[in-house]
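Me: I have a structure open and would like to talk it through with you. Could we go over its charged pairs, helices and cores?

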Amino acid sequence: MAHAPLTSRPVLPPDGRIEGSQPEASGRRRTGLVLFVLCAAILLLSASGTVPSIDIQQSLEVALHLVRDGTVEVDSVVLAGGGAVLGDDGRPYAAHNLGMPGLFLPLAMGAGPTTEVSGLYGVASLVVPVVSAAGVVAFWALQRRAGSGERVALVAALVYAFATLVWPYAHDGFDVGPTNAAVVVALMALLAAADAGGGVGEGAPAPQQGVGEGAPAP
């Protein structure tokens, strides 16, 4: 019985793993998990969104009001240059947009009807680090999707993590990390949609010419 020539046998990568195989997928999940835990731990110690600042307090108040009475008021004192601001209706409102209260909505929905803002600080301190760390993992996955090797993608993700790191009071933590994460995830969603759709006109059969079209003029 004749054997197939050696040249027809598949050539394995140097590490013996085949792209898309179960060991490959397991290794990627492990790398992503370690990257997430590392970045979340660093952000827990450094992001200004982990301290009970007036910004976090107002964001939690807005989230609680959205759940309890459908308004966006706050209970903070109106102070010049840092506190709540008065609206045209004379009611106090936060001096920030609804981005962070939106992230705090799950906390507000799970809170009791009499839960105070101070009782949510502990769990709220995890939101920014977790979302920001997830953004770093998404950036790493984006690099791998773009064809970068494992080491290159990992180094790029760590550079991205430290380049977007927010030290205490240098900037509002909820203003940076979650925004970066949203941009990266949106980019990945666009690429996935483009792959699924095949692009405009790609894969479609060429239009057929009608009878007589393309024939030389008499």
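Me: Which residue meets R145 in a salt bridge?
Reply: Happy to help; note that this is a predicted model, where local features need pLDDT of at least 70, side-chain atom pairs count only at pLDDT 80 or more, and totals for chains, interfaces and linings use all residues. Residues are numbered from 1 along each chain as its sequence is written, and side-chain values use heavy atoms, with hydrogens and water left out. A salt bridge here is a side-chain nitrogen of Lys or Arg within 4 Å of a carboxyl oxygen of Asp or Glu. At 2.2 Å from N to O, the partner of R145 is D195.

Me: How many residues apart in sequence are the parts that D195 and R145 tie together?
Reply: Helices are DSSP runs of H or I with at least four residues, and strands are runs of E with at least two, numbered from the N terminus. D195 sits in helix α7 (residues 177–197) and R145 in helix α5, so the parts tied together are separated in sequence by 50 residues.

Me: Is E73, which forms a salt bridge with R91, buried or exposed?
Reply: Buried means under 20% relative accessible area, exposed over 50%, and partly exposed in between (1.4 Å probe, protein chains only). R91, at 43%, counts as partly exposed. With a relative accessible area of 17%, E73 is buried.

Me: Where do the buried residues of α3 lie around the axis?
Reply: The buried residues of helix α3 (residues 99–110) are M100, P101, F104, L107 and A108. They span an arc of only 100° (taken from the directions from the helix axis to the C-beta atoms), so they lie on the same side of α3.

Me: Which elements do those buried residues of α3 pack against?
Reply: Contact means heavy atoms within 4.5 Å. The face of α3 turned away from the buried side carries the exposed residues P106, M109 and G110. The packing partners of the buried residues are α2 (54–68), α4 (121–124) and α5 (127–145).

Me: Which element gives the largest share of the largest nonpolar core?
Reply: A nonpolar core is a set of buried Ala, Val, Leu, Ile, Met, Phe, Trp, Tyr and Cys residues joined through side-chain atoms within 4.5 Å. The largest one has 17 residues, and α1 (22–46), α5 and α6 (150–163) each give two or more. Seven residues, the largest share, come from α5.
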